[in-house]
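User: Please go through this model with me, one topic at a time.

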Amino acid sequence: MEAGVLPFNGFTYDHIYGTKVGGTIFDQQGNRHTAADLLEYANPAGLTVLLHASVHKILFSIKGRKRPKAHGVVFRDASGAKHKAYLKKGSKNEIIISAGALGSPQLLMLSGVGPKAHLKAHNITVVLDQPLVGQGMSDNPMNAVFIPSPLPVEVSLIQVVGITHFGSYIEAASGENFAGGSGSSARDYGMFSPKLSTVPPKQRTQDAIDKALEYINNLDQVAFRGGFILEKVMGPISTGHLELRTRNPNDNPSVTFNYFKDPQDLQRCVQGIKIIEKIVESKAFSKFRYDYLSWPILLNMTASGPINLLPKHYNPSMPLEEYCKDTVMTIWHYHGGCQVGKVVDHDYRVLGVDALRVIDGSTFNYSPGTNPQATVMMLGRYMGVKIMSERLAN
C-alpha cells in the first residue's frame, strides 16, 4: 500500500487494480484441495478413472469421410502394455483432450494433427495439416528479489497480490520453512530453487545443477530466513512455439517461450522491480530488512545466486533490463499451443476434425499474472455443464 499499489480491495477473487487478499486451495485445517475433489460429486456408475494410463495417440476415421473423425485412443498402462479405447456409436460421443499446455499440442502432433512439414520430419502420418498447433506458446515471466530478514517471518506463499496498471503482479513468498523444510534442514529456496528451475533447458546440465547446489549448501543459514518479493508479467505479449523432439510421448517436447522478446514485457518487468524497491524501502517493511543491505546489494545478491541456470551478466551499474533478463524464472503458468480461434473454435472443438475437443490451458490466448488453476477448473466446469445441456436438449 505504501508503495502506491492502490486501493486496498480486501479479500476478493476479482482481478481489479490495487492490492488484495486472494483465494487459496487450502482449507482452514491446512488441507490442500485439487480438481480430483470434484470426483466426489460425480456419478460413479457413469465414470471410469484409469490411473497410470498414458495416452500415446488419438485414432481417426478417414475413409469415406470429408473430415477426419476421432474415434478412439491408444494408451499404455504402468507396465507398458498397449491398450485401445473406442467411442461408442452415437453422433454426440467425442474425445476431450486435457493434457495441458505442453501435453495437448504434443498429443495432437503425435496423432497427425499439426504442421505438415514438421510431422513428416518425424515420419508421422498427416491426418490434418494444421500449422497453428504448437504456436502461441506463452509463459508469464517472473522475477524476484530475495530479502534476508533479521526477524522470523510467518510462512506465506502468494497470499497478498498487488495488481498494477502497467501490467505486473506484485507478490511474495516468505517464512523460514516456505521452502518445505525447517531449521537447519531448510537449505533451499523452494520454487526459486535451481533444482526446479527450467530456464533454459540447454544450460540445465547436471554439472550446472551440482554447482548451484554447492553454492546453496555453503551459504550461511541466515540467508534462508526472509523471503522473495516477486513480480510477474501478465499476458504476456511475447510468444513462442512447441515442437516434437521425438515420436515418444514420454519425451518432453521442445518449447521456446521467447521471454521478453516484446519490449513491452521487458518494461513491465522493469516497472515491477521498481515497485519492489519502493516496498523494500518503505517504513512498513523496515523491520524485515538489514540496514546494511542496500537496494543495489540486494539486487546483486539475488542476481548472483543460482535462482536459474542462465549465464550471469548483471551488476549494479547496469540497467534493470539486464537484471530482468538475467533473473527471469518460470512459475509454470504455461498456456497456448491450441488457442481458441486458431486450433479450436469457441466451443473448444478442434478445427478441421470431428468428435474432438481440447479443454485446458493450451487454449488460452492470455493469462493473468496470478495462478491459472482456478481459471482452468472453472473452464472445465463451464464446458462440462454446456456439453451436458446440449446432450440433454437433443
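Questions and answers on a helix, a sheet and the nonpolar cores follow.

Analyst: This is a predicted model, in which local features need pLDDT of at least 70 and side-chain atom pairs count only at pLDDT 80 or more, while totals for chains, interfaces and linings use all residues. Residues are numbered from 1 along each chain as its sequence is written, and side-chain values use heavy atoms, leaving out hydrogens and water.

User: Around the axis of α5, what arc do the buried residues cover?

Analyst: Helices here are DSSP runs of H or I with at least four residues, and strands are runs of E with at least two, numbered from the N terminus. In α5 (residues 295–304), W295, L298, L299, T302 and A303 are buried, meaning under 20% relative accessible area with a 1.4 Å probe, protein chains only. They lie on the same side of α5 because the arc, taken from the directions from the helix axis to the C-beta atoms, is only 125°.

User: Which strands are the edges of the open sheet of three strands?

Analyst: The order is β3-β4-β5, with antiparallel pairing; two strands pair if DSSP finds at least two bridges between them. Pairing on one side only marks the edge strands, β3 (54–61) and β5 (82–86).

User: Which element gives the largest share of the largest nonpolar core?

Analyst: Such a core is a set of buried Ala, Val, Leu, Ile, Met, Phe, Trp, Tyr and Cys residues joined through side-chain atoms within 4.5 Å. Of its 35 residues, I58, F60, L108 and L356 touch the most other members. The largest share, five residues, comes from α1.

Conventions. Buried means under 20% relative accessible area, exposed over 50%, partly exposed in between (1.4 Å probe, protein chains only).
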